[in-house]
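Subject: Structure handover

Hello,

Here is the structure I promised to pass on. Please open it first, then read the notes below it.

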Amino acid sequence: GFRSARLRAGPAGHPAGAVADGRRCRPSAQTADCGSDWRGKTDAELWPPDIAATFRRNDLAALAADHPLQVIEETTRSDGARTIWLSAKFPFRDTSGAAFVAGIALDVTAQQAAAEELEHYRAHLERLVEERTHELTLAKEAAEVANVAKSAFLANRVRAGVSPALP
């Protein structure tokens, strides 16, 4: 079955939260909003239904896979700000063989924001390169047309018996 277990908490102040079998055993920055009454609560008791359902679905996927999974999960803080978590979910069994899922999540909001900003700049740079390449292509085509016109002009001067050099 899918029963509750406890994990030892990590270092204080670390931007991570630990969960064992769907129950909090170490607060995250988000569950700190719930006061001191977070220990032993399920995600459904701490989170809005959509977030709790995602956590539960990921927990069950790790249990079904019977190997660790790494997932990105999102939460919304009480102030409405989005927090992005890199979560590791891993199944384990106790001495009686009962199956559990445990996990730890690291707040990667800042890294995700930096990655999104970098992608924005990369896309912008790519547009600038495409625009400049188009401008250079047009300039090259115009130069080729001018070169053909110059060659025709000089050829006409030579045929007319006029020196190709201009006075």
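Phe 55 is buried, because its relative accessible area is 5%, under the 20% cut-off. This is a predicted model, so please read every value here as computed from it.

Phe 55 has an aromatic partner, Trp 47. Their ring centres lie 5.6 Å apart, and the planes make an angle of 90 degrees. That makes the pair edge-to-face. Trp 47 is buried too, at 10% relative accessible area.

How many aromatic pairs does a search of the whole structure find? It finds 2. Besides Trp 47 and Phe 55, there is the pair of Phe 92 and Phe 100. This one is stacked, with 5.3 Å from centre to centre and 20 degrees between the planes. Phe 100 is buried, at 4% relative accessible area. Phe 92 is partly exposed, at 27%, because that value falls between the cut-offs of 20% and 50%.

**The chain as a whole**

The protein chain has 3 helices and 5 strands. Along the sequence they come in the order β-β-α-α-β-β-β-α. The chain holds 167 residues, and 26% of them are buried. Its accessible surface is about 10900 Å². Carbon and sulfur atoms account for 60% of that area. Now take the contacts in the chain with a separation of 6 or more. Of these, 36% join residues 24 or more positions apart.

**Salt bridges**

Side chains of opposite charge can pair when their charged atoms come close. The count here comes to 9 salt bridges. Three of them are worth finding in the viewer.

Start with Asp 59 and Lys 89. Their closest N and O atoms are 2.7 Å apart. Asp 59 sits in helix H2, and Lys 89 sits in strand E4, which covers residues 82–93. The two are 30 residues apart, so this pair links distant parts of the chain. Are these two partners buried or exposed? Asp 59 is buried, at 4% relative accessibility. Lys 89 is buried as well, with a relative accessible area of 7%.

The other two share Arg 122. One joins Arg 122 to Glu 119, at 2.6 Å from N to O. These residues are 3 apart in helix H3, so about one helical turn separates them. The other joins Arg 122 to Glu 126, and here the closest N and O atoms are also 2.6 Å apart. This time the spacing in helix H3 is 4 residues, again about one helical turn. Arg 122 is partly exposed, at 42% relative accessibility. Glu 119 is partly exposed at 40%. Glu 126 is partly exposed at 41%. Back at Asp 59, salt bridges with shared partners join Asp 59, Glu 73 and Lys 89 into one network.

**Helix H3**

Helix H3 runs through residues 109–159, which makes 51 residues. Why should it span 75 Å? Each residue is taken to add 1.5 Å, and the count used is one less than the number of residues. The C-alpha atoms at its ends are 75 Å apart, so the model agrees with the expected span. After H3 comes Gly 161, which has a positive phi near 75 degrees.

There is also a nonpolar surface patch to look at. Leu 125, Leu 128 and Val 129 make it, and its area is about 260 Å². Val 129 belongs to helix H3. Val 129 is partly exposed, because its relative accessibility is 46%.

**One loop residue**

Which residue other than glycine has a positive phi near 60 degrees? Asp 66 does. Find Asp 66 in the loop between helix H2 (49–65) and strand E3 (69–76). Asp 66 is exposed, because its relative accessible area is 54%, over the 50% cut-off.

**Where to look**

For a quick tour, begin at the edge-to-face pair of Trp 47 and Phe 55. Go on to the stacked pair of Phe 92 and Phe 100. Then turn to the network of Asp 59, Glu 73 and Lys 89. End at the patch made by Leu 125, Leu 128 and Val 129.

Best wishes

Note on methods
Residues are numbered from 1 along each chain as its sequence is written. This is a predicted model: local features need pLDDT of at least 70, side-chain atom pairs count only at pLDDT 80 or more; totals for chains, interfaces and linings use all residues. Side-chain values use heavy atoms; hydrogens and water are left out. Patches are made of residues with over 30% relative accessible area and no salt bridge: like charges are joined within 9 Å, nonpolar side chains (Val, Leu, Ile, Met, Phe, Trp, Tyr) within 5 Å. Accessible areas come from the Shrake-Rupley method with a 1.4 Å probe; for residues, only the protein chains shown count as cover. A salt bridge is a side-chain nitrogen of Lys or Arg within 4 Å of a carboxyl oxygen of Asp or Glu. Buried means under 20% relative accessible area, exposed over 50%, partly exposed in between (1.4 Å probe, protein chains only). Rings of Phe, Tyr and Trp (its six-membered ring) pair if their centres lie within 6.5 Å; planes under 30 degrees apart count as stacked, over 60 as edge-to-face and the rest as tilted. Contact means heavy atoms within 4.5 Å.
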